[in-house]
Every structure is written in structure tokens, then in C-alpha cells.
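Colleague: I've got a model open and I'd like to learn how to read its helices and strands. Can you walk me through a few features?

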Amino acid sequence: MPRFSVIVPCYRVQGFLPECLDSVLGQSFGDFELIAVDDRSPDDCGAILDEYARRDARVKVLHLPENVGLGMARNAGLPHATGDYLLFLDSDDTLTPGALEAVADRLAETADPDVLVFDYARTYWWGGTRRNVLAHLLAKEEVFTAAEYPPILDLLMVVWNKAYRRDFVAENGFAFPPGYYEDTPWTFPVMLSARRIAALDRICLHYRQRRQGNILSTTSRKHFDIHDQYERVFAYLAGRPELASWRPYLHRKMGEHCLDILAKPDRLPPADKAEFFRRTARMFRAHRPEGARVDGEVAVLTGSWTGYRLRRQSARAGREAARRAGRARRAAAARAGAGWAALHARRPLDERLVVYSASSHRGVLGDPAAIYHAAREIAPELRGVWVVRDEETAAGLPDGVEHVIVGSRRYLEVTARAKFFVNDVNWPGTLAKRPGSVHIHTHQGTPLKYLGADLRDKPGARLGFDVPQMLRRADRWDYSLVASRHAELVWERAYPCHFTSVRTGSPRNDVLVRGGPGGFRERHGIPADHTVVLYAPTRRDYRRGGYVDRIDLARFAAGLGEGHTLVVRLHPSLAAGPARGMGLAELARRRVVVDATGEPHLADVLLAADVLVTDYSSVMFDYAVLDRPIVVHADDWPAFTASRGTYLDITAEPPGHVTRSFRELSGLFASGGWRDGESARLRAAFRARFCEFEDGRAAERVVRTLLLGEPPSGPASRIPGQSGSLDALSPA
């Protein structure tokens, strides 16, 4: 008996069906059967299914004699299911890699609950991906009932984001009704009846948002089926007195659901909307529990169709008025801000005022933070003010850090008066550079990937990126900090502007040179005797959204064996997207790996690591300062270089061993070769070339030479921009 029965009903989806089937058959967890139901599809779905069944014995095909609709097709597959758990997958959707293994692990961990709810992401026809906005509700670790954890019902009430214990379904006689919205009278009874529900905070399914062909986006009277579906839900409750307390909740949910359908422009024929409203209102009155409050959105169902239309028209007029008022307020604020800035621009520059920003105003971070802390110690007479993006960011700043919110009056005041500006990304275009002010650009690491003007011939990498505007902003730079002559030459090529390169080293890496203690291991409970393997991949420009699964994290962590801890840090641009939901968050919860993506200070993570595994992330240049082993996993190097472009072939001049497949990577760690003599030799050559100005005094050097104007000492020589050949990307 298999662990899972995956039921896939098929109708007019021949263009999507192979991808759906492949997503199931390619799962790392193989103990399943796939029951495909051909719902008398007029296209080639039946032939496609038969071909897959010939190739894979796990595929069972059922050809229906007539078209019965989605719900009834699922019912047809149920008697053929023999698995412990049922999953329903629509034939235009796909399982994510590793989904069944994650579901199986969670079921085992929670001792086989009646229902397991997992996460999904919407994938759009134009290439975008958006995670379920209520994903945080799935972070609950203990098993529960709907009564114990009502927020679980706020999730999209669909059938395909859950695994159901087959015996539980059979015992309760759950089945799908005919018609549209067939998930409603299945999901509510299932969730309310389940004695044990578990949640899995992992994206296991991609919910395809089709440009056309989506049944629920088809204009039709079939949307009136929603009333019959909720009648079935109320009938289910009527036969089970123990569930009577849910009537007020379902009464409101029914009203909200029907009003949502009515408000959608593509659901109901315009001539039928009045009838739909009146039928909904009758049903709403008929099922209203005694004493139930009717307020908010659903209160409109106690009135007339004319009242509903007037309310909708009034709401639209109100929104339009609010938009116009907002535009007027913003225009007035801009005029007032310009006047405020102009007023302060007439005052002399404050020679002691330094304005800092890092990572697009995200806090006290990176090179600017290192310079700020050095200035407070070396030159306390300087006043440092940080620009942050919003009040939430400001609330997370360390005590005693003076700050302004970008765009505020105080922001306009300090940026109009400051002598010095320190940033690792460009300042907004609205910031006018006053004569005599000094802009110090720190960058964000030693460059491997194409940047700036070099992106002109890489349309995928510069999607949405205005290169000429970026260069106009870079024209404000006075000084560009560099950690090596390689970086110096790249910056001058990528940013053909009139700045001076300063060979300071990277201020944020001073702590790495000095070997600060950090506290990452202690915060995450990593044993002191463990070998910490840090995996830090970069984003991909050949994939919309930037995230591509390169290795199986659970398999890699298991292969490392006892005495090892795998730490994963995704690219910062992926921290808030769906990437962590593709398995990383769940593996971190189970302590299979440690997720360091949200760690604000990269140096703490690097100091805790004994070895770095990366692909093409610039973090390798920082980590090389520590003189610890580095492994470059370059399994998609040709695709990466073609889409993004690189300033050197990191596979030919690596900081350590290079692997081009997971087998090579796991074998390197199994043999211990990752830290052999060849690794040390490669690392030494890499450090000599790319860390030549890293001596632990970069921040002090910037403060003394650029903020205080003292004569340079050590390697802090100043090189006028554009002084050498823009194509010479190797040291002289």
C-alpha cells in the first residue's frame, strides 16, 4: 500500500498536463500512486495519460464515458486510491521539488493527523511568483483542531493544499458535489470534523494563474452554483449538533464569498447580477443564526439591490476622491519639501555632519556601519545621522543612533546641510549635491558579476534597471572605496564617472581580519565542536524572481554527517519572497539546517563558518579574508555567465575546489578534499589578488583620510577615476 494517492482530474489541459505529471513522477519521495482521471477531455489528454502509464507503473488512468466536471471526476478516482493519504492535484498545477518528501516527513512527525495543510504559491503566466500572503498561519508546530486554531480557516478554502488520511475520508463519507465551487462543501466539513490537523510551512504546490481558460474566471450563470454549495455546507452542520457553534462563522463566510463573486467583473453576466444579489440576500436571511451580528461588508445583504449598487458607486467615487486628494497632498508636500530644502541649502554646510545609509536605507549595516562606528571612536566631534526607509526600520536601530526617515523634513534638512555622505548604494535622484559636499561610495563587496554600464548588453539582468539614471546618480560620487586593484578597475569600467578610487580595503571586513568573536553559534545553539558549513548561493538573472534550487539541502545536510551543521544564507533580495518557503523554512524549523538569511550582520555568519560553499556570490571575496576553505559549486556556470556576465572566470581562478554536480560536491566533503593542500594553494593565490588592501584598518583609514583630512598612511593611496585602461581587468 503506497503512502500517497495523488488524484489528478484532467479536462482540456493538454498544454499543461505533461508538466503536472512530471512534477509528481519526478519527486524524490517515490512511494505513491498517481490516479489520473480523463474527464472525457476532447483534446489529447487521454492519449498523454496513456503514454505516461505505459512508461511508469505508478500511473493509473481512468477514462470516464462522459464529462462529469471537476468534483465528480475526483470522486471517480477515489475508489481506486489505496494510499494512506489522498492528495488532489489540478492538472494545470504542479508539485514543487521535494514536496512529497516534506509532506511525508511532517506526517510522520505529527503521528498521522487527519489532515495536513501545506503552503502554495501562485505562478503567473507572465512568469511571476507570489507566495500565499497568509503563509505565517502554517508555522504552528503542534497538532490542533479548527476550534483550537480558528485562523486556519482564513486560508484559501480549496482542496489541493491539503493531504487527507484516506480512512478519515472514508469513515465520514466525504465526496465532491457537481457544479462550480465544489471545494466549498468538501473543505469546510473536512476541516470542522477533523480531530487532528497539522500544518506544514512549505510551498508544496504551484497554483497556476492562467491567462485564459480558468473555469472560475469564465463569465457564466454557473457561478450561481455557489448557493447550492453553501446549502450543502449548512445541511452538513444541521445533521451534526456538535458543530452548531460554527453557524455564525459560516453564515458570514457565505455572505462574504458571494459578495466577492458579485464584485468580480469577469464572473457573472451583467444582466444576471441583480438576480444573484437577491438570491444571496434570501439565503443570507434564511440561514442567519438567532442573535447573530450583521455588520461590516455583509450588512449590505440586509438591504436591496439598488442600495448595493449605490453603495458600490459611492465607494468607487470615494476611492477616486481619495486618490486625487493623495496626489494633491503629495504634490503639495513635494513643493513644501523643495522649499524647505532650498531654505537650508542657503545655509553653510555643516563640516561635522556625516549622513549614512546602507542597503537602500535598511539600517546600520555593511561598510557604512563600520565607518560610522570607527568615526564615533576616532572622531566623536563628527555627528553621524542615518537615513532609514520607515518607522519600522527606525524602531530596530541600536540605542543612541540618530536617524531620519527618508523624505521627511528632517531628512531634507540634514541632506541639505551635510558635508559628508556615506552610502553603499546610490542616493535617490532627488538628492541635490551641493558644492563642497563629499560623497563616499563604499559599494557592496568585490564585484564578480557585471554591474552598472556593463549591464547594457544584458537585458535580462537589467530588467527594470535604468542604466543612464544610475550613472547620473553615480556622477555625485567623490570617492570609491576598493579592496583590490581588480575592484578598482571594475568600478571604473562599470561606472564611467569622475570619482577618485581609494585603496582602503572594505571597512566591513575589518572585523574578519581581526577575528572578532561573533555570537552566531551561541544564538542558534550550534555546538562548539561542530564543523559549520555555510551555503551562500546568489540569485539568478535567467529566472524571474531570481531563485533557483541548486542543491537538495536536506540531502546535503544528511551527507555531511554527525558533527556538522549546515547553515544557509540566501541572497538578501530573496529574503522576503517565496524562496525560503520552498523548503528552507521547514528544514530550519526541524533543525536540519540553520537559516541565516535574515541575519542582519553578514560578518557574524562568516566568522561562525569553517567552510564556505557558494556559487557566484561576492561573499567569497569577504570570506577569503578569513583564510578558510571555500568550495565553488558551478553547476550552471554557462547559463549564469550568458545571462549576467562576469569579470573573471571563477571556475578557472577559484578560491578553492570547483564542483559541477551534486555528486561531486557531496563526494568532496565525504573525502575531506575540501580542506586539502590544493584548496589552501588556490585560496592563497585568490587572497593575494582580491584581498590585497584588507589589513583590518579600512574603516579607520576612511575616517582619518576622507572625513578628517589627515595624510594617508598604509595602502590608502588615491587614484583618480578613469586613470587606466577600462578593459584591463587583471592587475598590472
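Modeller: Sure. Keep in mind that this is a predicted model. Let's begin with helix 2, residues 45-55, where Arg54 and Arg55 are exposed on one side.

Colleague: And which residues of helix 2 are buried?

Modeller: Those are Cys45, Gly46, Ile48, Leu49 and Tyr52. Look down the axis: they span an arc of only 160°, so they sit on the same side of helix 2. The two arginines, Arg54 and Arg55, are on the other side.

Colleague: What do the buried residues of helix 2 pack against?

Modeller: Four elements: strand 1 (4-10), helix 1 (17-25), strand 2 (32-38) and strand 3 (59-63).

Colleague: Now a strand. On strand 20, which residues are buried on each side?

Modeller: Strand 20 covers residues 611-614, and both of its faces are covered. Val611 and Val613 are buried on one side, Leu612 and Thr614 on the other.

Colleague: Which strands does strand 20 pair with?

Modeller: With strand 17 (residues 531-536) it pairs in the parallel sense over four bridges, and Val533 stands opposite Val611 there. Strand 20 also pairs with strand 21 (residues 630-633), again in the parallel sense, over three bridges. In that pairing, Thr614 has Val632 as its bridge partner.

Colleague: Last one: how do helix 18 and helix 23 cross, roughly parallel or roughly antiparallel?

Modeller: For that, check the angle between the axes. Helix 18 (residues 553-560) and helix 23 (residues 662-671) cross at roughly 25°, with axes coming within 9 Å. Angles under 35 degrees count as roughly parallel, so helix 18 is roughly parallel to helix 23. The crossing is right-handed. Arg555, Phe556 and Leu560 of helix 18 make the contact with Phe662, Leu665 and Phe669 of helix 23.

Definitions and conventions: Residues numbered from 1 in each chain as written. Predicted model: local features only at pLDDT ≥ 70, side-chain atom pairs only at ≥ 80, totals over all residues. Heavy atoms only, no water. Buried < 20%, exposed > 50% of the residue type's maximum accessible area, 1.4 Å probe, protein only. Arc of directions from axis to C-beta. Contact = heavy atoms within 4.5 Å. Pairing = 2+ DSSP bridges. Axes fitted to C-alpha atoms, helices over the stretch in contact; angles between N-to-C directions. Parallel < 35°, antiparallel > 145°, perpendicular 65-115°, else oblique. Left-handed = near helix turned anticlockwise from the far one by under 90°.
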